[in-house]
Amino acid sequence: MVTNRLTFEDLEKPVASLPLIGPATAKRLEKINIFTIADLLLHPPHRYHDFSHIVTIATAKVGDTVTIQGEITKSLMLPTRSRVTLQKFTFTDTTGSIDITYFNQPYLLSTLRRGTEVSLAGVIESHRGKVGLVSPEYEIIKPNQPLLHTGRLIPQYPETKGVSSKWLRSRLAPLLSLLPSIDPLPETLRQKHELIPWKEALSSLHYPQNESQALKARARLAFDELIFLHLKSLLLKKRWQRRPATTALPLTDTEVSLFVKSLPFTLTSAQHRVIEEIRHDLSRVIPMNRLLEGDVGSGKTVIAAFSLFAALRHQKLGVIMAPTQILAHQHAQTLKEILKPFGARIASVTSGSKLKVYPERSRRANILVGTHALLHRQLLLQRAAVTIVDEQHRFGVAQRAALKNLKSTPHQLTMTATPIPRTVALTLYGNLDLSFLDESPPGKRLPKTWVVPRFKRPNAYHWIEDRVLKHHDQVFIVCPLIESSTKESMLQIKAATAEFQNLKKIFPQLSLDLLHGRLKAKEKTAIIHRFSRGLTHILVTTPVVEVGLDIPAASIMLIEAAERFGLASLHQLRGRIGRRNQDSFCLLFPSDSAPPTTHRLKLLETETSGMKLAEADLKLRGPGELYGTSQSGFFSLKIAALSNTPLIKLTKTAAEKLLHHSPSLTKYPLLKQKLNVLLDQAVVPN
Ligand code: ADP
Ligand code: MG
């Protein structure tokens, strides 16, 4: 139990190590991203109620927001004609009495008994000529204890079921008094950037004297958040480079051109550049740790194939992991085509695969393709010289940690189609080397995209039917996103099923299928198979189904409730159609409840670069929208804004300077102490 003065180490302990927070509460807190004591301390209020105006009843004016202090002199419960109950109190101070009313809170009768000294805060109202407070914030006055809910600027927090702002305040206040007075940032740095002391910043984040103090608190804590992120990645990078030497996999020019010439197409210059970057990484004994970012269709698979080719040339094992069985299967097919001439023996490892029965098959293989099921095959992974993770954000933190814990370190390549703005990537993945495939293969065309207003929907449906019947187009219809989550909830599936029934009525002449994540793998495969063979005209899917799914036949995509997605996500979605470079079309349907402005969505009609769209997202909607909230594990910034590029750059320079001045930070013992705790806990991507 943490009850004494807190240390930096304590801050990283689970919240449940605090008194009065049990496992059930800890579970609830997870919903608002509070896992550790530090998370609780850094849970920022979204606003403050100004209850600092303490008045007497005689001076209180109707309409004022005030705090009054006095005694309960009368209490009673009144039933009403509806099921509502009223709790009525008379409240008296030295200057007079007023009425206090609450609804449906019978327990208050035993809390606010006659004679109780209380502090009340709220807006003075007048009802039928009587002055009073309705449902005011209340707290019982205790000698020598500061007021937490009234009498000053009172923080209001993002809440969740069972965790109210009042509850948060009652847990935070004692915690704030346990903070140590030491400051992790060196004095000189604080002075240079005009930052207030750490302890003061945390106190003022929750209980500021005034608004300007609240801003100073945020400025300080945002600075900390980013500089520690930078320091962490810079040190992790150093650490990585000291890891036990892995096998170098150098390739000669001849070998590289052997690979390049064997391909059925000419590489783009971006692909050439990335291949050279990877070739350079692989030629060294320091394990590669590279993140490859490229739009859907930018040709990442051939880069993966190249990395596996290097392993093949050295008779080593290469492993590639995809987020779903379907994708793993597609990779296996593609890699077979590209790498067969070089002696590839490919085995698939998915949860349903037969390798458990025929383990020797995987032992003979020199390339393993699979899903996260591979993570449980530590013995196999142990032999890998190269591991590739495709669409990384779909993998959980724990899964990445499993990869990280291998005894010998393979060369690692992580591939993502999630367009992350460069500045953000450099911050979040500062410990990784970054490659960008920022050029699409020639001839690759994006679907022509339209935002379809409500009144044009019937036309759009007619047009689709026409295209299907006359041009044999095949259609994806993406159902509305109900909750931002990568996991499909039952609610989501129900909504999709309802929409599916509805669409069957709209398109009585066409054949439709519904694909969602809860279907059995066999059913999914069958549905996709039917669609790829042209037996189904329209495939209705939930929004989160199968990231990166490649169905070359599809040429039309209709996205419902498009405004609920980030631009980058929409861009990723539309990238799945027109893969044969046939004419393709993406129709964005804003939902009925969408605000009338379609300006944001209209960007998709003209902008073709995923990264530019991500930048626009960041500016227009904030970082949370880049991935959807459930992936916020990647965006664990609580105070600083990822769109604050100047601060990101400033703190990066500051971090580099500190490390330059004192490479292992011995000159900054407190900073080092805090950082060590963070590094111990660090589970960063790869
Ligand atoms: P990603 O995984 O980045 O979404 P893929 O690797 O699946 O993209 O490539 C998309 C399509 O483009 C594939 O059919 C692939 O064969 C093709 N492709 C990749 N690179 C080139 C290129 N340089 N020229 C022509 N086609 C290419
Ligand atoms: Mg891909």
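Which residues do ring pairs link into a cluster? I will start with that, since it gives us a place to look on the screen: the cluster is made up of Phe259, Phe306, Phe309 and Phe342, joined through ring pairs. Please keep in mind throughout that what we have here is a predicted model, and that every value I quote has been computed from it.

Let me step back and give the overall picture for those who are new to this structure. The protein has 686 residues, of which 53% count as buried, and its secondary structure comprises 25 helices and 23 strands. If we take the contacts with a separation of 6 or more, residues 24 or more positions apart account for 71% of them.

Now I would like to turn to a sheet in the later part of the chain, where 6 strands are arranged in the order β18-β23-β22-β19-β21-β20, forming an open sheet with parallel pairing. Strands β18 (448–451) and β20 (512–515) are the ones at the edges, and because each has a single partner strand, one side of each is left without a neighbour in the sheet. From one strand to the next, the twist averages 20°.

Within this sheet, strand β22, which covers residues 554–560, runs parallel to β23 and is joined to it by 5 bridges; if you would like a residue to look for, Glu560 stands opposite Phe589 of β23. As a reminder, strands of a sheet pair through backbone hydrogen bonds, either parallel or antiparallel.

Two helices lie across this sheet, and it helps to take them together. Helix α18, residues 490–506, lies across β19 (474–478), β20, β21 (538–541) and β22, and runs at about 175° to β20. Helix α19, residues 521–532, also lies across β19, β20, β21 and β22, and its angle to β20 is about 145°.

Strand β23 also brings us back to the aromatic rings. By the rule used here there are 14 aromatic pairs in the count, and one of them is formed by Trp463 and Phe585, edge-to-face, with 5.1 Å from centre to centre and 85° between the planes. This pair links distant parts of the chain, since Trp463 belongs to helix α17 (residues 457–471) and Phe585 to strand β23 (residues 585–589), 122 residues apart. As for their surroundings, Trp463 is partly exposed, at a relative accessible area of 28%, whereas Phe585 is buried, at 10%.

Rings take part in another kind of arrangement too, with a charged group placed over them. The charged end of Lys166 sits over the ring of Tyr138, 3.7 Å from the ring centre, and that of Arg152 sits over the ring of Tyr207, at 4.1 Å from its centre.

Just after Arg152 in the numbering we come to strand β10, residues 153–156, in which Leu153 and Pro155 point one way while Ile154 and Gln156 point the other way, all of them buried. This strand is joined by 4 bridges to strand β1 (residues 47–50), and the two run antiparallel; here Asp50 has Leu153 of β10 as its bridge partner.

Finally, let me come to the salt bridges, of which the count is 22. What does Lys638 form a salt bridge with? Its partner is Asp39, with the closest N and O atoms 3.8 Å apart. Lys638 lies in the loop between α23 (624–627) and α24 (645–661), and Asp39 in helix α3 (residues 37–41), so this pair ties together parts that are 599 residues apart in sequence. Lys638 counts as partly exposed, at 22% relative accessibility, while Asp39 is buried, with a relative accessible area of 14%.

Another salt bridge joins the side chains of Lys130 and Asp99, at 3.1 Å from N to O; since Lys130 is in strand β8 (residues 130–134) and Asp99 in strand β5 (residues 96–103), the parts tied together here are 31 residues apart in sequence.

In a further salt bridge, Asp281 meets Arg290, and the closest N and O atoms are 2.6 Å apart. Asp281 is buried, with a relative accessible area of 5%, and Arg290 is buried as well, at 8%.

The last item to find on the screen is a network of salt bridges, which links Asp183, Glu187, Arg190, Arg220 and Asp224.

Definitions and conventions:
Residues numbered from 1 in each chain as written. Chains lettered and ligands numbered in written order. Predicted model: local features only at pLDDT ≥ 70, side-chain atom pairs only at ≥ 80, totals over all residues. Heavy atoms only, no water. Phe/Tyr/Trp six-rings, centres within 6.5 Å; stacked < 30°, edge-to-face > 60°. Buried < 20%, exposed > 50% of the residue type's maximum accessible area, 1.4 Å probe, protein only. Lys NZ or Arg CZ within 6 Å of the ring centre and 35° of its normal. Pairing = 2+ DSSP bridges. Axes fitted to C-alpha atoms, helices over the stretch in contact; angles between N-to-C directions. Contact = heavy atoms within 4.5 Å. Salt bridge = Lys/Arg side-chain N within 4 Å of Asp/Glu carboxyl O.
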